[in-house]
Amino acid sequence: MAGALIVTAEIAPSDLSWLDQLRRAHYPPERNQLPAHLTMFHALPPSAEGETRRTLARLAAEAPPRASIGGLMDLGGGVAFRIVSPDLDAMRGELAANFHGYLSAQDSGGWRPHVTIQNKVAPKEARRLLATLQSDFRPRPLGIVGLGLHRYLGGPWELVERYAFRGR
């Protein structure tokens, strides 16, 4: 849905640089319109923008959530890093309850937090990358520095606002 609102957990610059480097290396370039990202909601209606802004600003007053890259996910035609964060899970649960009447089928069907680094490739190519990454994978912390609000533009996204975590 063009104009839909997207909510992301904003990844710390050092972690984003590493993840995005992997994404640029393995995502088909003609389909890669976005940097690496951690989507919390895919399609809130544009009519909910005011409420979404107020809610994200309130949540950003809290301490940054702890998160880690806990493993890899086989997407069939791609590969993602699985994100583990009880803090983000709780935050997303609160947002989902708040936006209950606004949630799309995709957003109301549960959340499997991940950062996609490869998608829309042949399953054989994806399995090859998955095996390569699994061979030396070690869990690692993932910095989350804020929440992002974006507008879907039919492919690329427009940044509406970033809400940096301020609490300690």
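In this predicted model, the second largest pocket has a volume of about 310 Å³. Its lining is made up of 17 residues, and among these E10, P35, A36, H150 and R162 are the ones that lie nearest the centre of the pocket. Three strands, β1 (5-11), β7 (144-152) and β8 (157-164), each supply at least two residues of this lining, and β8 gives the most, with five residues. Sorted by class, the lining of the second largest pocket holds eleven nonpolar, four polar and two charged residues.

The largest pocket encloses about 630 Å³ of space. It is lined by 25 residues, of which H37, T39, H42, T116 and N119 are the closest to its centre. The elements that give two or more residues to this lining are β2 (38-44), α4 (105-108) and β5 (114-118), and the largest share, four residues, comes from β2. By class, the lining of the largest pocket has eight nonpolar, eleven polar and six charged residues.

The table sets out the classes of lining residues for the two pockets.

| Pocket | Nonpolar | Polar | Charged |
|---|---|---|---|
| Largest pocket | eight residues | eleven residues | six residues |
| Second largest pocket | eleven residues | four residues | two residues |

Several of the strands named above belong to an open sheet of four strands, which follow one another in the order β2-β1-β7-β8 with antiparallel pairing. Within this sheet β2 and β8 stand at the edges, and each has a single partner strand, so one side of each is left without a neighbour in the sheet. On average, and with direction ignored, neighbouring strands of this sheet are turned by 20° against each other. The antiparallel strands β1 and β2 are joined by four bridges, and V7 stands opposite F41 in β2.

Two helices are placed against these strands. Helix α2, which covers residues 49-60, lies across β1, β2, β7 and β8 and runs at about 35° to β8. Helix α3, which covers residues 86-98, packs on the sheet and touches β1, β2 and β7, while its direction makes about 10° with that of β2.

A further open sheet is also formed by four strands, here in the order β5-β4-β3-β6, and its pairing is antiparallel. Its edges are taken by β5 and β6 (140-141), each with a single partner strand, so that one side of each is left without a neighbour in the sheet. Strand β3, made up of residues 68-74, is joined to β6 by two bridges, and the two strands run antiparallel. S68 stands opposite P141 in β6. The edge strand β5 also contributes two or more residues to the lining of the largest pocket.

A last feature of the backbone concerns K120, a residue in the loop between β5 and α5 (123-135). The phi angle of K120 is near 60°, which is a positive value in a residue other than glycine. K120 has a relative accessible area of 46%, and because this value falls between the cut-offs of 20% and 50%, the residue counts as partly exposed.

Definitions and conventions. Residues numbered from 1 in each chain as written. Predicted model: local features only at pLDDT ≥ 70, side-chain atom pairs only at ≥ 80, totals over all residues. Heavy atoms only, no water. 1 Å grid on protein atoms, 1.4 Å probe; cavity = no way out; pocket = protein on both sides within 12 Å on 5 of 7 lines; lining within 4 Å. Points joined across faces, edges and corners; volume = space filled by probe spheres on them. Nonpolar A, V, L, I, M, F, W, Y, C, P; charged D, E, K, R; others polar. Pairing = 2+ DSSP bridges. Axes fitted to C-alpha atoms, helices over the stretch in contact; angles between N-to-C directions. Contact = heavy atoms within 4.5 Å. Buried < 20%, exposed > 50% of the residue type's maximum accessible area, 1.4 Å probe, protein only.
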